[in-house]
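Visitor: I am new to this structure and would like a close look at a single part of it. Please take the salt bridges, and then show me what lies around them.

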Amino acid sequence: MITAQSHMTPSSSSDMDPGIWSKLPEELMELILSFLPLKNFFNIRSTCKTFRSMVFSPCFISKHTSSLQSFSSFLLLSHPYSPRRFPLYDSNLNAWRKRALYSSVSLPSSASLLSSSYNGLLCFSLPTSSSFVVSNLLASTEREIKFPKYPFPFELLTLVSTPFGYSIFALCSQSSSKSTYLYDSRSHSWTESDGFEPILNDRHHQEGVYYKGALYFTTAEPFSIVSFDLEKRVWRRSEAEVPGELTLARLVSENGGEGGGNERLYLIGGIGVSGITKMLKVWELGLGNEWLEYDRVPEMMCRKFTSVCYHNYQHVYCFWHQGMICICCYTWPEILYFKSSRRTWHWLPKSPSLPDKWSCGFRWFSFIPNLYASV
């Protein structure tokens, strides 16, 4: 009996002809690759444009929705000495990640500055290019947005999600008056409206707080609360009177912009005399537009926080992150945070990767990766 011998080489028996891959229908290719583990797929995504866009296909979305929703949430630290590198604190594991996050923004990094974050999107300001860049680092997508005018000395920059995209809010000083600028991602355009004089320049690092369709701000002393309606583009003064004897006032909202029914507005305030804070308290806005005391910072923690900011309260800013009220200082690398579910206060330790010589410039952001947040 004569047996036929195979002339196939070892490599040809195990490898598929690239020509066959190229002839596969797009739907079948998507189905095959959707069975890859999510981590492996992200590793090959940069090899071609087809793979890169495949994460937005219905087949991929339906198969990996549960995996995408399981991404950790992070506290992200930005510093001007390292504008592209962002240490990450995993708030689910209560630990610093060994690897930092690196920006993929394609514009020059020397003058870039992370200015705001929301719903998985990061907003960078690039004054030398007269533009902002909104980036989704997870999806490797970005959009450059030119300043509405030049020069554009903006303040209180705030990125906020809307039901149909996102908006960018900014105040711009023009001689003795201010104008309000709002960018709408749906129309890719800016609109201008009158500013609001009581908002002064001592809130260098505090963003606007989204609550029930508007951005809320505290004014300088005498403290009061004002809001900007994002839909009607008008300013209003809140009827809720702030507590007395405040030395500082900051706002935080829970679940703002997520469309949930548990939206809450909190006021973080210092109590004292002659501008010296002796006590830090948290109030919640009640149904009757009254501020109800919610909790207070333990005495020793309050002493430490007021000592590290040297009573320069313009450096203090606050934000909400996954059930936590975070109180930060631009000159201090730690966070004082409050877990609302347990009603407990904690210090988040300094990142082990930070050089000791960095004594100021610490900007913290809430970062919750969202692959499908569109730029």
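Guide: What follows goes through several salt bridges, then the sheets and loops around them.

The model is predicted. A search of the whole structure gives 12 salt bridges. One of them joins the side chains of Glu207 and Arg363, with N and O 3.9 Å apart. This pair links distant parts of the chain, 156 residues apart: Glu207 sits in the loop between E13 and strand E14 (209–211), and Arg363 belongs to strand E26. Glu207 has a relative accessible area of 17%, so it counts as buried. Arg363 is buried too, at 13%.

Each end of that pair leads to a sheet. On the Arg363 side, strand E26 (363–367) is an edge strand, as is strand E4 (95–96), and each of these pairs on one side only. The open sheet they belong to has four strands, in the order E4-E3-E1-E26, with antiparallel pairing. Within this sheet, strand E3 (residues 88–90) is joined to E4 by two bridges, in the antiparallel sense. There Asp90 stands opposite Ala95 in E4.

On the Glu207 side, the loop begins after E13, and strand E13 (189–194) is likewise an edge strand, together with strand E10 (154–162). Their open sheet also has four strands, ordered E10-E11-E12-E13, and the pairing is antiparallel. From one strand to the next, the twist averages 20°. E10 and strand E11 (residues 165–174) run antiparallel and are joined by seven bridges. Phe154 stands opposite Cys172 in E11. In the loop between strand E9 (141–146) and E10 lies Pro151. The peptide bond that joins Tyr150 and Pro151 is cis, with omega about -5°. The loop on the other side of E9, between strand E8 (131–136) and E9, holds Ser140. Ser140 is not a glycine, yet its phi is positive, about 55°.

Other salt bridges involve strand E21 (291–296), which follows a loop after strand E20 (276–285); Asn289 lies in that loop. Asn289 has a positive phi near 60°, although this residue is not a glycine. Its relative accessible area of 34% makes Asn289 partly exposed. Arg296 forms a salt bridge with Glu293, where the closest N and O atoms are 2.8 Å apart. Arg296 is partly exposed at 38% relative accessibility, and Glu293 is partly exposed at 41%. These two residues and Lys281 are linked in a network of salt bridges.

Asp295 meets Arg343 in another salt bridge, at 3.3 Å from N to O. Because Asp295 is in strand E21 and Arg343 is in the loop between strand E24 (335–339) and E25, the pair ties together parts that are 48 residues apart in sequence. Asp295 is buried, at 15% relative accessibility, whereas Arg343 is partly exposed, at 41%.

The next loop, between strand E25 (344–348) and E26, leads back towards the strand of Arg363, and Pro349 has its place there. Pro349 is partly exposed, with 43% relative accessibility. Apart from neighbours within four places in sequence, Pro349 is in contact with Trp96 and Glu334. Pro349 and Ile335 are 14 residues apart in sequence, and their C-alpha atoms are 7.4 Å apart in space.

How values were computed: Residues are numbered from 1 along each chain as its sequence is written. This is a predicted model: local features need pLDDT of at least 70, side-chain atom pairs count only at pLDDT 80 or more; totals for chains, interfaces and linings use all residues. Side-chain values use heavy atoms; hydrogens and water are left out. Two strands pair if DSSP finds at least two bridges between them. Axes are lines fitted to C-alpha atoms, for helices over the stretch in contact, and angles run from 0 to 180 degrees between N-to-C directions. Buried means under 20% relative accessible area, exposed over 50%, partly exposed in between (1.4 Å probe, protein chains only). Contact means heavy atoms within 4.5 Å. A salt bridge is a side-chain nitrogen of Lys or Arg within 4 Å of a carboxyl oxygen of Asp or Glu.
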